Amino acid sequence: MRPQTTLIASQHQTKPVNKISMDYNFSDIEQKWKSHWQQTQLYKVHNDTSKPKYYILDMFPYPSGEGLHVGHPLGYIATDIFARYKRLNGFNVLHPMGFDSFGLPAENYAIQTGQHPAITITKSSEVYRQQLNNIGLSFDWSREVSTSDPKYYRWTQWIVLQFFDSWYNATTDKAEPISTLIAHFEQYGSHQLNAICTEHEPFNANDWCNFTETQQQALLINYRLFYPGEGEVWYCEALGCVLANDEVKDGVSERGGHPVERRKLPQWFLRMAAYAQRLLDDLNDLDWSESMKDFQRNWIGKSEGALVHFPIQNHHEPLSVFTTRPDTIFGVTFMVVAPEHDLVAQITTEEQKSEIDTYIKYVKSRSERDRISEVKTVTGAFTGAYAINPFTNLPIPIYISEYVLAGYGTGAIMAVPSSDDRDFRFAKHFDIPIVYVIADTENLDNPTEKKRGTTINSGFLNGLDTDAAISQAVAEIEKRNLGKGKINYRMRDSNFSRQRYWGEPIPILHKYRDQTLPLFAVPENELPVTLPDVTSYVPRADGQSPLANVEEWLKTPNGWRETDTLPGAAGSSWYFLRYMDPHNEQAFCSPEAIQYWENVDFYAGGSEHAGGHLLYSRVWHKFLYDRGLVTTKEPFKKLFNQGMIQGRSNFVYRAQAPFYEEYFNDFLQKNFAKYQPVYVNKGVDFCLELCDLDIEVASSNSDRKLSNLQNTYEQSDRRILVVFIEQLIEWINTPEKLVAFVQNAIDSQNKFIFADNLPAMRSLFISQSKLSAFSERASTTLHVNVNLVQNDVLNIDGFRAWREEYKDAAFWLDDNSTYRCGWAIEKMSKSKHNVVNPDEIIAKYGCDCFRMFEMFLGPLEVSKPWNTDNIEGTSRFLRKFWRLFNIDESTPKLSTDQPSAAELKVLHRTIKAVVEDVERYSLNTCVSHFMKCVNDLTDLKCQNQHILTQLTILMAPFAPYITEELWHLLGNEGSVHTAKYPVLDEAHLVESVVSYPVQIGGKVRATIELPANCSQDEARTAALSNPRVLQYTEGKEPKKFVFVPNRIINIVV
RNA sequence: GCUCUGGUGGUGGAAUGGUAGACACGCAGGACUUAAAAUCCUGUGGACCUUAAAGUCCGUGCGGGUUCGAGUCCCGCCCGGAGUACCA
């Protein structure tokens, strides 16, 4: 389909119309410049260190098979505008794009279809690239990276091996090569070492030297930053594989609805927790939104407290807990251990065993989120074992409950029902005693409402306030050797392996098959370890990845390959560095490139990445910093979170059986009230009390009903009219025909009346504005393709053509003969038929219009619905802008005179507003400023070359094509995108007179004009003598006189 | 559950604590046209009041508070959206 505007334009060109300006023909213009820019490589970025750098980046997209919808480009257009703006202001701007191409969707598609994910992903990347190019984005595609490309993932694997080869030295507070750790072990054993590691038995230098290789390696993995261990994952017996959280819905697998359970399997981990404190500290210097920083702070979840060991009766090992409130230790009346805690099996008594087992089974089916968010019902089980409160020496029962997570703290808590809400509910439920340890909580219905105060019933802590009691308690705990003060982080080491095919193979070799230790890194010169082809992408029933089936790949001269792959986060945690030097085969990025580009200045993406990608990337960057591979501590200086674009769905309403009776009832009341129609619905639907006619509304295919009626009425003194639904539908928009039909029946003498020549049965759709008169049962609501709707008015022909079943659809229309649809704001999705494809919009309105409209929708950071209707305004604006140039036969007829003061004022007011708003990322208001400017210049009949040239450059970042075309029509060389950005001259904005609103008691009662540099006294005299003001002050002295220069006057009487 | 975020006309939205509704859409009326498209003009938060000009009151989810002045700041609610560690 050719765009409408083009048709009109070509008509004008073929007609010999005299002196009509050339119309704005976006499709020719955009085609022309798109290929021209490609040929001249306008957007190619060089590592040109003579210019200041600016690195602007969009979050890595995953190329989904469905292509882009209008929500995706929002951020890309915004960053493109900033990139172009920065370029015009003299920066060397890096603005690259690539694809995060490993991941589950392609893999699941491969499982279903057998197609290699590399093929699907290449196809969808190609679609993405084309669509992005359609939007006029100034990416340097020569720098494109793709995580599933072996040339790229070679370096992902390389960095992972650096993690493997590192440990965290808590003294120097950074990651160091594992060789320095081994040197330490050889000299001191594990003594005098301050490292972040998994706890293990201490050993000395002599021990170390006598350990076997496997023993040494087992110790080292307690320190490595990338290490093997055991982790809980979702496992589905029926599907025979590990599932992602996303693939588990309501406790069953999303595919097939099979039961799932948490299962411990060998996994690889990234020792993220080592970086917790630095991740927290360095947030302060970042230009991120406070909410995003808050999110990460909460995620890291630092808490200060104490580690306390409670002895267990009849058991050698103590129960260790972490608590933030050691001051309440006298109030501990029970302990709760995570159901999966190792101790549970050891301490559970014979009598309690079956209860505990049943409970553990229940918990295995629960997600972590379910476990912590469930507060209404308390669940748990008693182990039968008792711990001893070391301060009161009283035995306290040990329970297990799902609200305690194995992965947090020590996986066990000391429960203080008088100060913790969940403990309180638990104690109530299991009838456990409550000891009050804070003054004035004894008489509260819920003592946990008061969490701080004077300590009571607590021996040596009595009388202390909470803070003093905490430090006193910690001191005493340490003195009695019961534990120690400790800082705990909620953030834990990240599970960094997947038992799946479509990811980077973990470049590790095992000496023996199916035995983790000993293990070795794949030598650097053998990277990348590429993915072998497999016959099936389905994970193995034993939970291993499909790679474990590829015998010839598994076995190498030096050992057996690791079969786990890396998660998506691996490739996306460092990609922004690769863009700096994307083709380097000697290093992941050259030191020179890193020296110049440093890190990302402006990073745009959705806030949903806060806990994942943004945290992983920070850890990787900090690690690379520690190892001297990058020069900055943080990867992303400024973070901008754009909102989502929601879909705006449209609905049509299909009539259901009850509709016809309801409709006819209403019809009778309106048109035949004089016969007193009554809805009887007994045998027949209606009877007209003041005449001898009954009426039945029926479908023509209910033959038996008809013959029954006929029989009944042959013996009756009343007559019957059968109104067929088909007839009702046929006459729905011409009720006068139905009136005539019914009137005829009333007037006739026939016993049994029905229409014979019936139209075919069609489905009926009711316009939204008619709907309110009917019950909910009268219609069903159906999503309709939004592309068939404009301003909520349905394109009826389009609708009929949309689906076979709607071919003959009938419509009950509004009085103005339109069908009005209902609407709702929902997520944009295929099933809701509210997906709008940018390509279609661009074909109809042009890329420039699409870009400006996306920006015009609303503030970038806010979620908002897409509504194509409003695009007309933006389209009109661009045509009006074009007309300003007075183009006759492809030459603008403009004046080269000195612009007028009024014109200059409009221009500079716009420059000021646009620059201010671009700098604060408010792009929707920029579009408004351009509209206002074009409106004002049109009103001024401005045809000044200087003004319009400046405006063209100003608008170039927003509308790159039309401005480029006009730039050349104006006779300029080069590209508008390499021009010099307009500079604000305040001199043009100086006003001699300011108009002040005068408020009296906070309400505006008058407006007065005052000289620009007016003093408070002058303003006071002028305001108080104003007749309007006098009406309110009645000449009295005001209580207060507020004068805000250039703003407002407020008088208090 | 927890954390974050938002709530302003019929619609999208604008507004450093300073005239709420800029800029658009839609709608209504008008001009131009054989007609349509395109374009242009006028009106458009609600309720009063007036022949008119003008004016009055109410209005930014709800209830309080701070201030000469609150959409904006503070406290307490209500409703929607997002994230919640293996979707990316």
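# Group meeting: an RNA-bound protein model

Let us start at Thr632, which sits in the loop linking helix H21 (613-626) to strand S24 (636-641). Helices here are DSSP runs of H or I with at least four residues, strands are runs of E with at least two, and both are numbered from the N terminus. Please note that this is a predicted model, in which local features need pLDDT of at least 70 and side-chain atom pairs count only at pLDDT 80 or more, while totals for chains, interfaces and linings use all residues. Residues are numbered from 1 along each chain as its sequence is written, chains are lettered from A and ligands numbered from 1 in the order in which they are written, and side-chain values use heavy atoms, with hydrogens and water left out.

Is Thr632 buried or exposed? Thr632 counts as buried because its relative accessibility is 12%; buried means under 20% relative accessible area, exposed over 50%, and partly exposed in between, with a 1.4 Å probe and protein chains only. Its side chain also makes a polar contact of 2.9 Å with the side chain of His621. A polar contact is a pair of N or O atoms within 3.5 Å; within protein, one must be able to donate a hydrogen and the other to accept it, and residues adjacent in sequence count only if both atoms are side-chain atoms.

I turn now to RNA strand B. Which residues come nearest to the RNA? Of the 60 residues around RNA strand B, they are Asp100, Asn245, Leu857, Asn935 and Asn1050; a residue is near if one of its heavy atoms lies within 4 Å. Of the RNA atoms that come within 4 Å of the protein, 63% belong to sugar and phosphate. Helix H31 (residues 923-939) supplies the largest share of this surface, six residues. Within H31, the side chain of Asn924 places an N or O atom 2.8 Å from a phosphate oxygen of RNA strand B. For Arg1005, the corresponding distance to a phosphate oxygen is 3.1 Å. Asn1050, by contrast, has a polar side-chain atom 2.5 Å from a base oxygen of the RNA.

Asn1050 brings us to strand S43 (residues 1048-1052), which runs parallel to strand S40 (residues 993-1000) and is joined to S40 by three bridges. Strands pair if DSSP finds at least two bridges between them. S43 also pairs with strand S42 (residues 1040-1044), in the antiparallel sense, over five bridges. Ile1051 in S43 stands opposite Ile1000 and also opposite Phe1041. The hairpin of S42 and S43 has three residues between the strands, and there Asn1046 takes a positive phi near 65°.

Next, the aromatic residues. The structure holds 84 aromatic pairs. Rings of Phe, Tyr and Trp (its six-membered ring) pair if their centres lie within 6.5 Å; planes under 30 degrees apart count as stacked, over 60 as edge-to-face and the rest as tilted. Phe659 and Tyr660 form an edge-to-face pair, because their ring centres are 5.3 Å apart and their planes lie at 80°. Both of these residues are buried. One aromatic cluster consists of Phe334, Phe382, Tyr386, Tyr399, Tyr403, Phe426 and Phe430.

Finally, the cysteines. How many disulfides does the structure contain? The search finds zero, a disulfide being a pair of cysteine sulfur atoms within 2.5 Å. For Cys849, the nearest cysteine sulfur belongs to Cys847, 9.7 Å away. Cys849 is buried, at 0% relative accessibility. For Cys933, the nearest cysteine sulfur is that of Cys942, at 8.4 Å.
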